[in-house]
Amino acid sequence: MSYDKIIAALREQPQLMECLRDASRANLPDWRIVGGAVRDVFWSKMHPSAVYNPKDIDLIFFDLSDLRKETENEVETYLSEKSGLVWSVKNQARMHLANNDQQYSCTLDAMSKFPLRVDTSGLVAASNNEPILSTIYGYQDLLEPLIRPTRHFQANERQSQLKEYIRRKNFAGR
């Protein structure tokens, strides 16, 4: 599938496009919508009875000048009230501490440290609100679907964390 077709598939989801506009209005530096909100656009198309309906929206950003958890909470509240959806907002400038990693340099660096390759695609809005999708490992895991660990989780012997993450996400039940 070409990049243009991938973007077209994302554009077909009005709820996701509204979330993209809302995230853009939050004016966070170096932000991206990641995880299931992006992944499930494609995975739901593989099951005829499935409907795209994200249970939450994961938004990451990178801001070294404000590492307060309260800022994340304020943005989550703003976005949840605006959209009626549950948002999880995390400043990746501080998440290396929670993940026992070295300091991340930006959201793309942080995404490369996510457990699964399929979740390392991030959606951002251009100035005209057009979606732009960036990925660390390519689009194959989104389109197939594949559950594979990132190099970071393979290299750092985090297999027990990976197994727990996969169990918690209930990929087998999808």
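Two strands count as paired here if DSSP finds at least two bridges between them. Keep that in mind for this predicted model, where β2 pairs with β3 in the parallel sense over five bridges, and D58 has S88 in β3 as its bridge partner. Besides that pairing, there's a pocket to look at, a well-buried helix and a proline in a loop.

**Strand β2 and its partners**
- On the β3 side, β2 joins up with helix α4 (residues 69-83) and β3 to make a right-handed β-α-β unit.
- Strand β1 (residues 32-34) pairs with β2 too, but in the antiparallel sense and over three bridges.
- Within that β1 pairing, R32 stands opposite I60 in β2.
- Five of the five residues of β2 are buried, so the strand is largely enclosed by the rest of the structure.
- In a regular strand, side chains alternate between the two faces of the sheet.
- You can follow the two directions in β2: I57, L59 and F61 point one way, while D58 and I60 point the other way, and all are buried.

**The largest pocket**
- The largest pocket holds about 1000 Å³ of space.
- Its lining takes in 43 residues, and G35, D58, D119, Y165 and K169 are the ones that lie nearest the centre.
- Sorted by class, that lining has 20 nonpolar, nine polar and 14 charged residues.
- Several elements chip in with at least two lining residues each: α3 (36-43), β2 (57-61), β3 (87-91), α5 (92-98) and α9 (159-169).
- D58 is worth a second look, as this residue is among those nearest the pocket centre and is also the one bridged to S88.

**Helix α3**
- Seven of the eight residues of α3 are buried, so this helix is largely enclosed by the rest of the structure.
- The buried ones in α3 are G36, A37, V38, R39, V41, F42 and W43.
- Helix α3 also supplies at least two residues to the lining of the largest pocket.

**P115 in its loop**
- Look for P115 in the loop between α6 (107-111) and β4 (121-125).
- P115 has a relative accessible area of 15%, and buried means under 20%, so P115 counts as buried.
- Leaving aside neighbours within four places in sequence, P115 is in contact with R148, P149, T150, F153, L162 and Y165.
- One of those contacts, Y165, is also among the residues nearest the centre of the largest pocket.
- P115 and S2 are 113 residues apart in sequence, and their C-alpha atoms are 25 Å apart in space.

Notes. Residues are numbered from 1 along each chain as its sequence is written. This is a predicted model: local features need pLDDT of at least 70, side-chain atom pairs count only at pLDDT 80 or more; totals for chains, interfaces and linings use all residues. Side-chain values use heavy atoms; hydrogens and water are left out. On a 1 Å grid over the protein atoms alone, a cavity is a set of points where a 1.4 Å probe fits but cannot get out, and a pocket is an open set with protein on both sides within 12 Å along at least five of seven lines; lining residues have an atom within 4 Å of a point. Grid points are joined across faces, edges and corners, and a volume is the space filled by probe spheres set on the points. Helices (H or I, at least four residues) and strands (E, at least two) are DSSP runs, numbered from the N terminus. Ala, Val, Leu, Ile, Met, Phe, Trp, Tyr, Cys and Pro count as nonpolar, Asp, Glu, Lys and Arg as charged, and the others, Gly among them, as polar. Buried means under 20% relative accessible area, exposed over 50%, partly exposed in between (1.4 Å probe, protein chains only). A crossover is right-handed if, with the strands pointing away from the viewer, the path from the first strand over the helix to the second runs clockwise. Contact means heavy atoms within 4.5 Å.
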